[in-house]
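Colleague: May I go through this model with you, starting with its sheets?
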Amino acid sequence: MQVKGIDRYWNPVLETLPREKLQALQFKKFKRVVEWGYQNSKLYRRLYDEAGFHPQDLKTFKDISKVPTLQKEDYRLAQAKEPYPYGDSLCVPLQRVTEYHQTSGTTGQPVYQPDTWQDWEWWSECWSYILWAQGFRNTDRVFIPFGYNVFVAYWAGHYACEKVGCEVVPGGILNTEERVLKMKELRATALMATPTYVLSMAETCRNKLKLDPGKDLNIQRILCAGEPGASVPATKKRMEEAWNAKVFDHVGATEIGGWSFECSAQKGLHANEAFFLVELVDIDTGEPIEEPGKIGKIVITAFDREAQPCIRFDSKDVSMWGEPCECGRTFRLLSGGIHGRVDHITKVKGVLFSPVAVEEVVRSMPQLGDEYELIVSKKGDTDSLTLKVELSPDNRDTQENVLQELSRQLRLKTNLAYNIEFHPFGSLPRYEIKAKRFKDLRQGH
Amino acid sequence: MVTAEVDLKEMDKIIKDVKAKILRLVEISKGMQCVDRNCDRILASLKMLELNISDVVEFLD
């Protein structure tokens, strides 16, 4: 057959497969993983038996919505059993597990993630789709400024770089200044980091090392993970301007895998629909959402994981479908990336509120520094929003003017009023991996 | 953008042939770890070829 874009796509066949064929492939793979989970995992067998579902009930694509969703708590409960530490979620003999990782535990007990060597190859395969779409090639020297530890993301990125043919420099142990100097010394061409750390490194460059990251270093592309910043236009702009580089988003999770990526067109996040079934469902009713522009919650299946399958996992990430991408991929786009998490989108003073909207406002104002902190509390019966910001060292405007402009923009974008506090530049917390800028101190939140 | 005539069915056939050879290698190794562990890695890579090529062949014209 004629295959177009052999140089453009990691897999030109799968990435441009007509939608009806892609859906047929997805259904075949979905049935295969459901059968695998049911036959080999006590967790899935119990979940499905209790719901009165059997894999043979899957007759058409529409039947997928009959399959019970899996919650993070289901993994936790299953992992409290033997064999330690994976318990009932494990689908292979323990001796076949070669990789251990875990979730960060931000929402409770971490979930342990076993992977076989085949799973590990799969991780780097999924990430290869991401890297190739973002222009990573064997001419790149990629710097990863983290000690990878028990968290999977940068391990997978590292191995995928090797698969794609890049040269990888693991930058753990070093402090931020040493990392920047190492990148400069080695003339690294690419970087992987959280948006928070990308901005923090740029700040260290400018303020401590007196270097301009966009001129004195050679970074041409940055792959972001862990936070939604690279899909927040104002944050992306800040990073791209600071580093004079293209910044790309990607979303993945330990339990799921690296399931989405921004391509060089930078129009949103492509779901890798050859390796994952990405469903968008109504947050309240669970009804499927197919039309672009309607907000929903993402439910994901990884088709090909064997040690601990991930089938209809409730990711709690919120997004919406976008229009088809100009890049030629038939993988659907999630417009605006991940808009937040169901547990972060909350009502404040009766208004539906997403912290990402505040990030967009703060980062769009050049008078402000990169860091901010947002706190929701309750004063008597009334919700109160406090936003802590720093004035940028380059700011020439008066604090009063900045305050007025910030209040106006926040009111416009979120329909809410804020108590705004200005703090000295450099005094708000700086983070290396994921930032914790949003705190909801109200009882029950 | 590079376009080429690609024979995916032939690729699928070769993937199956290679897999059969590796499984045969494991069978005759009688448990030699230097063979079995390396074959395990090759099989994992072959699985990625199956996911990329073999799985989709039946849906192509």
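Modeller: Certainly; two strands pair if DSSP finds at least two bridges between them, and strands (E, at least two residues) and helices (H or I, at least four) are DSSP runs numbered from the N terminus. This is a predicted model, in which local features need pLDDT of at least 70 and side-chain atom pairs count only at pLDDT 80 or more, while totals for chains, interfaces and linings use all residues. Residues are numbered from 1 along each chain as its sequence is written, chains are lettered from A and ligands numbered from 1 in the order in which they are written, and side-chain values use heavy atoms, with hydrogens and water left out.

Colleague: Which residue in strand 7 of chain A is the bridge partner of Leu191(A)?
Modeller: Leu191(A) has Ile222(A) as its bridge partner there. Strand 6 (residues 190-193) and strand 7 (residues 221-224) of chain A pair in the parallel sense, over four bridges.

Colleague: What is the order of the open sheet of five strands in chain A?
Modeller: The order is 5-4-6-7-8, with parallel pairing. Strand 5 (167-170) and strand 8 (246-248) of chain A stand at the edges with a single partner strand each, so one side of each lacks a neighbour in the sheet. The twist averages 20 degrees from one strand to the next.

Colleague: And which strands does helix 7 of chain A lie across?
Modeller: Helix 7 (residues 176-186) of chain A lies across strand 4 (141-144), strand 5 and strand 6 of chain A, and runs at about 175 degrees to strand 4. Axes are lines fitted to C-alpha atoms, for helices over the stretch in contact, and angles run from 0 to 180 degrees between N-to-C directions; contact means heavy atoms within 4.5 Å.

Colleague: Which four strands of chain A form the open sheet with antiparallel pairing?
Modeller: They are strands 12, 13, 14 and 16 of chain A, in the order 12-13-14-16. Strand 12 and strand 16 (340-341) are at the edges, each with a single partner strand, so one side of each is left without a neighbour in the sheet. Strand 13 (residues 296-302) and strand 14 (residues 310-319) run antiparallel and are joined by five bridges; Ala302(A) has Cys310(A) in strand 14 as its bridge partner.

Colleague: Is Leu277(A) buried or exposed?
Modeller: Leu277(A) has 4% relative accessibility and therefore counts as buried (buried is under 20% relative accessible area, exposed over 50%, partly exposed in between; 1.4 Å probe, protein chains only). Leu277(A) is placed in strand 12 (residues 276-281) of chain A. Not counting residues up to four places away in sequence, Leu277(A) touches residues including Phe30(A), Phe61(A), Ile64(A) and Thr301(A). The C-alpha atoms of Leu277(A) and Thr301(A) are separated by 5.0 Å, although the two are 24 residues apart along the chain.

Colleague: Turning to chain B, at what angle do helix 1 and helix 2 pack?
Modeller: Helix 1 (residues 8-29) and helix 2 (residues 33-57) of chain B pack at about 160 degrees, with their axes 9 Å apart. Helix 1 of chain B is therefore roughly antiparallel to helix 2 of chain B (angles under 35 degrees count as roughly parallel, over 145 as roughly antiparallel, 65 to 115 as roughly perpendicular and the rest as oblique).

Colleague: How many nonpolar residues has that contact of helix 1 with helix 2 of chain B?
Modeller: The contact has 16 nonpolar, two polar and five charged residues (Ala, Val, Leu, Ile, Met, Phe, Trp, Tyr, Cys and Pro count as nonpolar, Asp, Glu, Lys and Arg as charged, and the others, Gly among them, as polar).
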